[in-house]
Amino acid sequence: MVLTARNLEKAKLAAAELGSQVMAAELEVSDLLSAKALAHDLEKKFKKVDVLINNAGIIGNKPATAFDLLEIKQVFETNFFGIITTTKALMPLLQKSPEGRIINLSSGMGAWADLTGGYAGYRLSKTALNAFTVLLANELATTGIKVNAMCPGWVKTEMGGASAPRSVSQGADTAVWLATEKQIPTGKFFRDRKPINW
Ligand SMILES: NC(=O)c1ccc[n+]([C@@H]2O[C@H](COP(=O)([O-])OP(=O)(O)OC[C@H]3O[C@@H](n4cnc5c(N)ncnc54)[C@H](OP(=O)(O)O)[C@@H]3O)[C@@H](O)[C@H]2O)c1
(Lines give C-alpha, C1' and ligand atoms only; values in the text may rest on other atoms or scores of the structure.)
Protein backbone atom coordinates (compact mmCIF):
# COMPACT_ATOMS: atom_id res chain seq x y z
CA MET A 1 0.00 0.00 0.00
CA VAL A 2 1.32 3.42 -0.92
CA LEU A 3 0.30 6.64 0.82
CA THR A 4 1.13 9.87 -0.97
CA ALA A 5 1.38 13.53 0.02
CA ARG A 6 2.84 16.66 -1.51
CA ASN A 7 5.37 16.72 1.28
CA LEU A 8 7.32 13.44 1.54
CA GLU A 9 8.09 13.93 5.23
CA LYS A 10 4.37 14.31 6.00
CA ALA A 11 3.65 11.17 3.97
CA LYS A 12 6.33 9.25 5.88
CA LEU A 13 4.89 10.31 9.25
CA ALA A 14 1.35 9.27 8.22
CA ALA A 15 2.58 5.98 6.72
CA ALA A 16 4.56 5.15 9.87
CA GLU A 17 1.35 5.43 11.92
CA LEU A 18 -0.25 2.76 9.73
CA GLY A 19 2.45 0.11 9.91
CA SER A 20 5.38 -1.26 8.00
CA GLN A 21 3.38 -2.45 4.98
CA VAL A 22 2.52 1.16 4.07
CA MET A 23 5.03 2.95 1.88
CA ALA A 24 5.24 6.74 1.59
CA ALA A 25 5.69 8.62 -1.69
CA GLU A 26 5.56 12.19 -2.93
CA LEU A 27 2.76 13.33 -5.23
CA GLU A 28 1.46 16.71 -6.36
CA VAL A 29 -1.73 15.54 -8.06
CA SER A 30 -1.96 18.40 -10.52
CA ASP A 31 1.59 17.95 -11.82
CA LEU A 32 1.85 15.31 -14.56
CA LEU A 33 5.62 14.99 -14.06
CA SER A 34 5.10 14.25 -10.36
CA ALA A 35 2.38 11.69 -11.16
CA LYS A 36 4.56 10.07 -13.85
CA ALA A 37 7.50 9.86 -11.44
CA LEU A 38 5.25 8.07 -8.95
CA ALA A 39 4.01 5.71 -11.69
CA HIS A 40 7.62 4.96 -12.65
CA ASP A 41 8.51 4.05 -9.03
CA LEU A 42 5.37 1.95 -8.61
CA GLU A 43 6.07 0.06 -11.82
CA LYS A 44 9.59 -0.77 -10.64
CA LYS A 45 8.39 -1.92 -7.21
CA PHE A 46 5.01 -3.52 -7.88
CA LYS A 47 4.58 -3.87 -11.69
CA LYS A 48 0.86 -2.92 -11.38
CA VAL A 49 -1.65 -0.86 -9.40
CA ASP A 50 -4.80 -2.59 -8.16
CA VAL A 51 -6.58 0.36 -6.54
CA LEU A 52 -6.20 4.10 -7.01
CA ILE A 53 -7.92 6.24 -4.37
CA ASN A 54 -8.09 9.84 -5.58
CA ASN A 55 -8.44 11.54 -2.20
CA ALA A 56 -6.70 14.92 -2.55
CA GLY A 57 -9.05 17.86 -2.40
CA ILE A 58 -9.24 21.50 -1.42
CA ILE A 59 -12.17 23.70 -0.49
CA GLY A 60 -13.35 26.96 -2.07
CA ASN A 61 -16.16 28.68 -0.19
CA LYS A 62 -17.20 31.71 -2.25
CA PRO A 63 -20.73 31.69 -3.72
CA ALA A 64 -21.24 31.47 -7.49
CA THR A 65 -22.42 35.10 -7.47
CA ALA A 66 -18.94 36.20 -6.33
CA PHE A 67 -17.67 35.06 -9.76
CA ASP A 68 -14.27 34.43 -8.20
CA LEU A 69 -12.65 32.85 -11.23
CA LEU A 70 -9.29 32.52 -9.52
CA GLU A 71 -10.73 30.50 -6.63
CA ILE A 72 -12.84 28.34 -8.95
CA LYS A 73 -9.84 27.62 -11.20
CA GLN A 74 -7.58 26.86 -8.22
CA VAL A 75 -10.07 24.38 -6.77
CA PHE A 76 -10.59 22.72 -10.16
CA GLU A 77 -6.81 22.43 -10.57
CA THR A 78 -6.67 19.97 -7.64
CA ASN A 79 -10.17 18.50 -7.33
CA PHE A 80 -10.83 17.93 -11.04
CA PHE A 81 -7.72 18.30 -13.24
CA GLY A 82 -5.54 16.81 -10.48
CA ILE A 83 -7.60 13.65 -10.43
CA ILE A 84 -7.53 13.38 -14.23
CA THR A 85 -3.77 13.97 -14.23
CA THR A 86 -3.05 11.31 -11.60
CA THR A 87 -5.44 8.84 -13.21
CA LYS A 88 -3.80 9.40 -16.61
CA ALA A 89 -0.35 8.66 -15.19
CA LEU A 90 -1.46 5.52 -13.32
CA MET A 91 -3.82 4.11 -15.98
CA PRO A 92 -1.16 1.90 -17.66
CA LEU A 93 -0.48 0.27 -14.28
CA LEU A 94 -4.19 -0.12 -13.46
CA GLN A 95 -4.56 -1.86 -16.82
CA LYS A 96 -1.96 -4.40 -15.70
CA SER A 97 -4.15 -5.41 -12.75
CA PRO A 98 -6.69 -8.19 -13.33
CA GLU A 99 -9.34 -5.99 -11.68
CA GLY A 100 -8.21 -2.38 -11.31
CA ARG A 101 -10.33 0.02 -9.27
CA ILE A 102 -10.51 3.80 -9.19
CA ILE A 103 -12.21 5.46 -6.21
CA ASN A 104 -12.82 9.19 -6.49
CA LEU A 105 -13.39 11.11 -3.26
CA SER A 106 -16.27 13.35 -4.20
CA SER A 107 -18.89 15.08 -2.05
CA GLY A 108 -22.64 15.23 -1.71
CA MET A 109 -22.11 19.00 -2.06
CA GLY A 110 -21.49 18.34 -5.77
CA ALA A 111 -24.70 16.33 -6.29
CA TRP A 112 -27.25 18.07 -8.59
CA ALA A 113 -29.98 18.16 -5.92
CA ASP A 114 -27.58 19.73 -3.40
CA LEU A 115 -26.30 22.63 -5.51
CA THR A 116 -28.04 24.90 -3.02
CA GLY A 117 -25.53 27.77 -2.95
CA GLY A 118 -22.13 28.74 -1.58
CA TYR A 119 -18.84 26.88 -2.04
CA ALA A 120 -19.13 27.31 -5.82
CA GLY A 121 -15.60 26.21 -6.74
CA TYR A 122 -15.83 23.17 -4.48
CA ARG A 123 -19.33 22.10 -5.52
CA LEU A 124 -18.66 22.57 -9.26
CA SER A 125 -15.36 20.69 -9.07
CA LYS A 126 -17.10 17.73 -7.43
CA THR A 127 -20.01 17.82 -9.94
CA ALA A 128 -17.40 17.73 -12.72
CA LEU A 129 -15.54 14.92 -10.92
CA ASN A 130 -18.79 12.96 -10.73
CA ALA A 131 -19.28 13.38 -14.49
CA PHE A 132 -15.69 12.26 -15.12
CA THR A 133 -16.34 9.20 -12.95
CA VAL A 134 -19.36 8.16 -15.06
CA LEU A 135 -17.60 8.86 -18.35
CA LEU A 136 -14.50 6.89 -17.39
CA ALA A 137 -16.59 4.02 -15.98
CA ASN A 138 -18.56 3.78 -19.24
CA GLU A 139 -15.47 3.93 -21.44
CA LEU A 140 -13.77 1.25 -19.32
CA ALA A 141 -16.90 -0.93 -18.96
CA THR A 142 -15.53 -3.69 -21.19
CA THR A 143 -12.23 -3.84 -19.28
CA GLY A 144 -11.75 -5.11 -15.74
CA ILE A 145 -11.40 -1.57 -14.35
CA LYS A 146 -14.20 -0.27 -12.12
CA VAL A 147 -14.59 3.45 -11.47
CA ASN A 148 -16.74 4.87 -8.67
CA ALA A 149 -17.18 8.08 -6.71
CA MET A 150 -18.01 8.37 -3.02
CA CYS A 151 -18.90 10.93 -0.39
CA PRO A 152 -17.32 10.29 3.02
CA GLY A 153 -19.93 12.41 4.83
CA TRP A 154 -18.92 15.33 7.05
CA VAL A 155 -15.65 14.17 8.59
CA LYS A 156 -13.41 15.55 11.35
CA THR A 157 -10.37 16.44 9.24
CA GLU A 158 -8.55 19.66 8.51
CA MET A 159 -11.20 20.34 5.84
CA GLY A 160 -14.21 19.13 7.83
CA GLY A 161 -13.22 20.84 11.08
CA ALA A 162 -13.62 19.79 14.70
CA SER A 163 -17.44 19.99 14.77
CA ALA A 164 -17.86 17.35 12.05
CA PRO A 165 -19.81 14.34 13.40
CA ARG A 166 -17.80 11.60 11.68
CA SER A 167 -14.42 10.17 12.58
CA VAL A 168 -11.77 9.67 9.91
CA SER A 169 -12.29 5.89 10.01
CA GLN A 170 -16.06 6.34 9.51
CA GLY A 171 -15.33 8.64 6.56
CA ALA A 172 -12.84 6.18 5.06
CA ASP A 173 -15.07 3.12 5.50
CA THR A 174 -16.75 3.28 2.06
CA ALA A 175 -13.39 3.76 0.32
CA VAL A 176 -11.98 0.69 2.08
CA TRP A 177 -15.12 -1.26 1.16
CA LEU A 178 -14.91 -0.21 -2.51
CA ALA A 179 -11.24 -1.17 -2.53
CA THR A 180 -11.64 -4.60 -0.96
CA GLU A 181 -15.17 -5.92 -1.58
CA LYS A 182 -15.16 -8.88 -4.00
CA GLN A 183 -17.96 -7.69 -6.29
CA ILE A 184 -18.62 -4.00 -6.79
CA PRO A 185 -20.52 -2.16 -9.53
CA THR A 186 -18.97 0.52 -11.71
CA GLY A 187 -20.04 4.09 -12.47
CA LYS A 188 -21.86 4.70 -9.18
CA PHE A 189 -21.81 7.31 -6.40
CA PHE A 190 -21.74 5.92 -2.83
CA ARG A 191 -22.12 7.05 0.75
CA ASP A 192 -22.08 4.57 3.65
CA ARG A 193 -21.63 1.71 1.14
CA LYS A 194 -24.98 2.57 -0.52
CA PRO A 195 -25.57 4.19 -3.92
CA ILE A 196 -26.71 7.84 -3.77
CA ASN A 197 -28.00 10.20 -6.47
CA TRP A 198 -25.49 12.11 -8.58
N1 LIG B 1 -13.91 16.29 5.45
C2 LIG B 1 -15.12 16.26 4.97
O3 LIG B 1 -16.10 16.52 5.69
C4 LIG B 1 -15.36 15.90 3.52
C5 LIG B 1 -16.69 15.82 3.07
C6 LIG B 1 -16.94 15.43 1.75
C7 LIG B 1 -15.88 15.15 0.90
N8 LIG B 1 -14.60 15.24 1.35
C9 LIG B 1 -13.52 14.94 0.40
O10 LIG B 1 -12.65 13.98 0.96
C11 LIG B 1 -11.31 14.16 0.47
C12 LIG B 1 -10.36 14.24 1.64
O13 LIG B 1 -10.71 15.42 2.38
P14 LIG B 1 -10.18 15.74 3.85
O15 LIG B 1 -11.35 16.07 4.67
O16 LIG B 1 -9.21 14.69 4.30
O17 LIG B 1 -9.42 17.10 3.53
P18 LIG B 1 -8.09 17.71 4.21
O19 LIG B 1 -8.08 17.39 5.65
O20 LIG B 1 -8.06 19.15 3.82
O21 LIG B 1 -6.97 16.91 3.46
C22 LIG B 1 -6.85 17.05 2.07
C23 LIG B 1 -5.59 16.39 1.63
O24 LIG B 1 -5.42 16.62 0.22
C25 LIG B 1 -4.08 16.97 0.02
N26 LIG B 1 -3.92 17.80 -1.18
C27 LIG B 1 -4.54 18.97 -1.46
N28 LIG B 1 -4.14 19.44 -2.65
C29 LIG B 1 -3.23 18.53 -3.14
C30 LIG B 1 -2.47 18.45 -4.32
N31 LIG B 1 -2.53 19.39 -5.27
N32 LIG B 1 -1.65 17.38 -4.49
C33 LIG B 1 -1.58 16.43 -3.55
N34 LIG B 1 -2.27 16.45 -2.39
C35 LIG B 1 -3.10 17.49 -2.20
C36 LIG B 1 -3.68 17.77 1.25
O37 LIG B 1 -2.30 17.77 1.35
P38 LIG B 1 -1.49 18.93 2.12
O39 LIG B 1 -1.39 18.43 3.53
O40 LIG B 1 -0.20 18.97 1.39
O41 LIG B 1 -2.29 20.20 2.00
C42 LIG B 1 -4.36 16.95 2.33
O43 LIG B 1 -3.56 15.86 2.72
C44 LIG B 1 -11.36 15.44 -0.38
O45 LIG B 1 -11.43 15.12 -1.74
C46 LIG B 1 -12.64 16.14 0.09
O47 LIG B 1 -13.17 17.00 -0.89
C48 LIG B 1 -14.32 15.60 2.63
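What is the relative accessible area of Asp-50? It is 35%, so Asp-50 is partly exposed; this class lies between buried (under 20% relative accessible area) and exposed (over 50%), using a 1.4 Å probe and protein chains only. The close-ups below show a predicted model, in which local features need pLDDT of at least 70 and side-chain atom pairs pLDDT 80 or more, while totals for chains, interfaces and linings use all residues. Residues are numbered from 1 along each chain as its sequence is written, and side-chain values use heavy atoms, leaving out hydrogens and water.

**View 1. Lys-48 and Asp-50 form a salt bridge.** Here is the partner of our opening residue: the closest N and O atoms of Lys-48 and Asp-50 are 3.0 Å apart. A salt bridge is a side-chain nitrogen of Lys or Arg within 4 Å of a carboxyl oxygen of Asp or Glu. With 31% relative accessible area, Lys-48 is partly exposed, as is Asp-50 at 35%. Let your eye move to Lys-47, where phi is near 75°, a positive value in a residue other than glycine. Lys-47 sits in the loop between helix H2 (32-46) and S3; helices (H or I, at least four residues) and strands (E, at least two) are DSSP runs numbered from the N terminus. Lys-47 is exposed because its relative accessible area is 58%.

**View 2. The ligand is surrounded by 23 residues.** Arg-6, Glu-28, Tyr-122, Val-155 and Thr-157 come nearest, a residue being near when one of its heavy atoms lies within 4 Å. By class, the shell holds 10 nonpolar, 8 polar and 5 charged residues. Look next for three polar contacts, pairs of N or O atoms within 3.5 Å. One pairs a ligand oxygen with a side-chain N or O atom of Lys-10, at 2.8 Å. Backbone atoms take part too: a polar backbone atom of Gly-57 is 3.5 Å from a ligand oxygen, and one of Gly-153 is 3.4 Å from a ligand oxygen. Taken alone the ligand exposes 900 Å², of which the protein buries 80%; areas come from the Shrake-Rupley method with a 1.4 Å probe.

**View 3. Helix H1 spans residues 8-18 and is capped by Asn-7.** At the N-terminal end, a side-chain oxygen of Asn-7 lies 2.8 Å from the backbone nitrogen of Glu-9. Glu-9 also forms a salt bridge with Lys-12, and here the closest N and O atoms are 3.9 Å apart. Why are Lys-12 and Glu-9 separated by about one helical turn? Because they are 3 residues apart in helix H1. Lys-12 is partly exposed, with 42% relative accessible area. Following the helix to where it finishes, you will meet Gly-19 just after H1, with a positive phi of about 115°.

**View 4. Arg-101 is buried in the model.** This residue belongs to strand S4 (residues 101-105). Arg-101 counts as buried because its relative accessibility is 4%. What does the side chain of Arg-101 reach? It reaches the backbone oxygen of Leu-178, at 2.8 Å.

**View 5. Arg-193 and Asp-173 form a salt bridge.** Their closest N and O atoms are 2.8 Å apart. The pair links distant parts of the chain, 20 residues apart: Arg-193 is in the loop between S6 and S7, and Asp-173 is in helix H6 (residues 168-180). Arg-193 is partly exposed at 41% relative accessibility, and Asp-173 is partly exposed with a relative accessible area of 28%. Elsewhere, salt bridges that share partners join Lys-62, Asp-68 and Glu-71 into one network. Searching the whole structure gives 10 salt bridges. Back in the loop between strand S6 (189-191) and strand S7 (194-195), do stop at Asp-192. Its phi is near 50°, a positive value in a residue other than glycine. Asp-192 counts as partly exposed, at 37% relative accessibility.

How values were computed:
Polar contact = N/O pair within 3.5 Å; in protein donor to acceptor, adjacent residues only side chain to side chain. Nonpolar A, V, L, I, M, F, W, Y, C, P; charged D, E, K, R; others polar.
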